[in-house]
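Reader: Please take me through one part of this model closely. I would like the sheets and the helices that pack on them, strand by strand.

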Amino acid sequence: MTTRSKPDFGFYTDSNKRKEAEEQVRASDALYRALVDTSPDSIVLTDLCGGIVMANSRAAELYGYATKEEMIGLNALRFIAPEERERWERDLRFAVQQGCLRDREYDHLRRDGSRFPAEMSAALITDTEGQARALICVTRDISERKHAEKRLRERDEQYRSIFEATSDGIIINDLDGCVVEANPAACAMHGYTREEFIGLHRTAYVHPDYHDALPGYIEAIAASGSVHVRGVNTRKDGSSFPVEIHGSEFVYWGKPRILALVRDVTEQVQAQELLEKRVMERTRELFTLLEVSRQVASTLRIEPLLSAILDQLKGVVDYEGGSLLKRSGDDLVIVDYQGPNAREEVVGLRFPLARIEPIWELAQQGQPIMISDVRGDSFLARTFCEAAGPLMDGIWKYIRSWMGVPLVQKGKTIGLLSLSIDVPNFYSDQQAHLALAFASQAAAAMENARLYAQAQDAAVLEERARLARELHDSVTQSLFSMTMHAEAAKVSLERESEWIKVPAGERALRNLRQLAELTEGALAEMRALIFELRPGALQEEGLGAALQNHAGALSAREGLPIEVQVPEVRVQTEPSTEEHLYRFAQEALHNVVKHAGASHAVVRLQTEENGRLVLEVEDDGSGFDPADVPAGHLGLRTMADRLEQIGGTTEIQSVPRQGTLVRALTPAAS
């Protein structure tokens with residue numbers, strides 16, 4: 001396109017034509033100037049060397065000049081950033097050669113040196129002969145556009161970063177269901193490279209069981225704009241995994257697409273399944289505990305109850321061998337057992353507390369003790385093996401993991417629940433917590449049994465006292481009356497025989513004497529029986545006085561000197577403890593009289609600083625070997641059983657022909 005040049009650019013010989021042309025030029029120039037001055041773009045006219053010969057008002061404003069006249073004569077190159085000038089000059093030569101230049105961007109300089117981005121187009125102006133005369137350059141400030149493009153690029157980069165970095169899969173499908181874009185997470189999630197994933201139809205990665213639901217998925221998005229569903233997708237290798245999908249419709253590169261945010265919820269599903277499993281386990285555990293509690297509350301028979309507790313426990317805390325140990329004096333005694341060995345091999349085994357002191361100290365704190373490997377080198381493992389001794393190579397050789405749970409009642413540790421298995425590192429804190437609940441039930445059962453036995457003992461004592469009162473008030477009085485009447489009849493007959501001098505009464509007198517002797521013997525036996533049923537001194541004056549009374553009566557009857565050493569002040573203890581110690585002394589003295597052939601015996605009762613009572617019965621008789629007690633001699637076993645009922649222990653020291661010492665020790669006061 002060519003533009004008419006000003007009159008000084010062309011010369012005309014015909015004056016009329018010249019005038020006519022001048023008129024046209026003036027009209028065109030006026031129109032041209034009006035268009036140029038009102039243009040929102042900078043317009044400058046330069047010679048072929050870049051010198052400005054004309055500029056509009058917008059150019060002056062854009063480049064920071066007060067008037068457009070100030071720009072006349074300046075070289076347009078000065079308005080181009082230094083690093084852009086070589087390119088601008090090259091583009092200018094191109095414009096001269098080609099006649100135009102379109103939409104070239106440069107950094108421009110204002111008068112004050114500040115920069116701004118601009119887009120420039122240029123056109124060559126020629127004369128009527130086609131000779132290049134000037135260039136018209138149109139420049140537009142594109143700062144706002146550049147800012148907008150920058151913001152757009154930043155947003156695009158942000159979106160791209162999110163698209164690339166998010167751990168959720170992002171899949172863009174066309175309306176036919178083919179993948180047109182996917183982020184790295186989606187590709188990795190399904191086991192494909194990006195190149196493999198692009199173009200796949202959604203049926204290639206959606207599990208076949210959900211193919212029938214795909215049309216409904218698309219319809220739901222079309223109806224509501226978005227949808228949230230759960231399903232199952234498949235990987236390239238054919239494996240499947242649960243997913244949560246949020247689908248929506250949007251425009252991508254000018255076309256309607258389906259955007260799917262895909263989240264692998266395998267861990268969530270597994271956690272839910274684990275939670276459901278844990279709830280079921282917890283329900284079973286609580287039901288088991290409830291059943292144990294019901295059994296504890298409904299029976300007082302301790303043996304089957306403890307066995308039931310061990311049996312129920314195995315359902316929630318697995319073990320190979322389970323034992324319940326009860327403290328008996330200074331020992332722990334196994335009172336019940338379930339496991340691979342015969343019950344009679346294990347029940348009754350005793351473990352001195354002194355040998356398991358570190359374990360017992362922890363048990364007294366009320367917390368479970370776990371040994372991950374009893375064959376290991378830990379302090380507790382060594383303590384366990386030393387206490388078990390030969391058992392670790394015998395009936396307990398299978399044990400690797402062990403857990404001891406204290407049996408606590410009223411804040412006092414009364415025993416231990418022992419669980420063992422042939423797997424190292426088996427028991428966990430959760431299992432320990434469960435075992436502790438069962439141990440509490442076992443402790444309650446033991447305490448209930450103890451209280452029941454104590455109540456029975458109290459009932460027996462009360463019944464003995466009642467029988468003693470009845471015998472004293474009825475039979476004893478009758479026997480005493482018979483004795484008095486027989487004695488009176490005997491005296492009367494003797495006097496009558498002497499008065500009337502009749503020897504015939506001798507036979508009757510002899511019979512009365514025999515009757516008197518029999519009634520006296522019966523009365524003595526009855527009084528002894530009453531004392532056995534209810535030692536009056538035991539209730540009224542305490543254990544010391546009862547021991548003195550019994551020793552005195554036995555000494556008088558058997559002719560055996562018995563020395564009694566008891567505290568001057570009455571010992572304060574439980575009635576059941578007094579009763580068991582008294583019966584212990586009775587049995588011990590009975591053995592002295594029956595078996596020892598002793599000439600002297602001593603009974604001692606003393607109280608230690610820790611509140612423990614110590615009762616000793618010593619004789620100088622024939623003695624015996626404690627390791628070789630003949631079968632059928634149940635006295636010593638009975639004495640030991642009595643002490644075990646109150647948590648005490650029995651000690652025996654005896655050497656043949658050197659006498660015997662039996663000692664009863666009650667538990668220390670808590």
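Author: What follows starts with one open sheet and its helices, then turns to a second sheet and a few other elements.

This is a predicted model. The protein chain holds 18 helices and 21 strands. Of its 670 residues, 39% count as buried. Among contacts with a separation of 6 or more, 53% join residues 24 or more positions apart. About 37,800 Å² of the chain is exposed, and carbon and sulfur atoms supply 52% of that area.

Start with the sheet ordered E2-E1-E5-E4-E3. It is open, has five strands, and pairs in the antiparallel sense. Strand E2 (52–55) and E3 are the edges; each has a single partner strand, so one side of each lacks a neighbour in the sheet. On average, neighbouring strands here are turned by 25 degrees against each other, direction ignored.

Look inside that sheet. Strand E1 (residues 42–46) is joined to E5 by five bridges, and the two run antiparallel. Val 44 has Cys 137 in E5 as its bridge partner. Edge strand E3 carries a backbone oddity. Asp 103 lies in E3. Its phi is near 50 degrees, a positive value in a residue other than glycine. Most residues other than glycine have a negative phi.

Two helices lie across this sheet. Helix H3 crosses E3, E4 and E5, running at about 160 degrees to E3. Helix H4 (residues 143–165) also lies across E3, E4 and E5, and runs at about 130 degrees to E4.

H3 deserves a closer look. Helix H3 (residues 82–98) has 17 residues, which should span 24 Å at 1.5 Å a residue; its end C-alpha atoms are 25 Å apart, which agrees. Which residues of H3 are buried? They are Glu 84, Trp 88, Asp 91, Leu 92 and Ala 95. In an α-helix, residues three or four places apart point the same way, because there are 3.6 residues a turn. The cover over the buried residues of H3 includes strand E3 (100–109), strand E4 (115–126) and strand E5 (132–141). After H3 comes Gly 99, with a positive phi near 95 degrees.

Now the second sheet. It is also open, with five strands in the order E7-E6-E10-E9-E8 and antiparallel pairing. Its edges are strand E7 (179–182) and strand E8 (226–234), and each pairs on one side only. The average turn between neighbouring strands of this sheet is 30 degrees, direction ignored. Helix H7 (residues 214–224) packs on this sheet and touches E8, E9 and E10. The direction of H7 makes about 160 degrees with that of E8.

Within this sheet, follow E9 into E10. Strand E9 (residues 240–252) and strand E10 (residues 255–264) pair antiparallel over 10 bridges. Tyr 252 has Lys 255 in E10 as its bridge partner. The loop between E9 and E10 contains Trp 253. The phi of Trp 253 is near 55 degrees, again positive in a residue other than glycine. The relative accessible area of Trp 253 is 75%, so this residue is exposed, the cut-off being over 50%.

Another hairpin comes later in the chain. Strand E11 (residues 321–328) and E12 are joined by seven bridges and run antiparallel. Leu 325 has Ile 334 in E12 as its bridge partner. Two residues sit between the strands of this hairpin, and Gly 329 there takes a positive phi near 65 degrees.

E12 has another partner. Three bridges join E12 to strand E13 (residues 350–352), and these two run antiparallel. Leu 332 stands opposite Phe 351 in E13. Is strand E12 enclosed or open, and why? Six of the eight residues of E12 (residues 331–338) are buried, so the rest of the structure largely encloses this strand.

One further helix is worth a look. Helix H16 (residues 543–558) has 16 residues and reaches 22 Å from first C-alpha to last, close to the 22 Å expected at 1.5 Å a residue. The buried residues of H16 are Leu 543, Gly 544, Ala 545, Ala 546, Leu 547, His 550, Ala 551 and Leu 554. Just after H16, Gly 559 takes a positive phi of about 75 degrees.

Last, the cysteines. The count of disulfides, with sulfur atoms within 2.5 Å as the rule, comes to zero. Cys 178 is partly exposed, at 24% relative accessibility. Cys 385 is partly exposed too, at 24%.

Conventions: Residues are numbered from 1 along each chain as its sequence is written. This is a predicted model: local features need pLDDT of at least 70, side-chain atom pairs count only at pLDDT 80 or more; totals for chains, interfaces and linings use all residues. Side-chain values use heavy atoms; hydrogens and water are left out. Helices (H or I, at least four residues) and strands (E, at least two) are DSSP runs, numbered from the N terminus. The expected span of a helix is 1.5 Å times one less than its number of residues. Buried means under 20% relative accessible area, exposed over 50%, partly exposed in between (1.4 Å probe, protein chains only). Two strands pair if DSSP finds at least two bridges between them. Axes are lines fitted to C-alpha atoms, for helices over the stretch in contact, and angles run from 0 to 180 degrees between N-to-C directions. Contact means heavy atoms within 4.5 Å. Accessible areas come from the Shrake-Rupley method with a 1.4 Å probe; for residues, only the protein chains shown count as cover.
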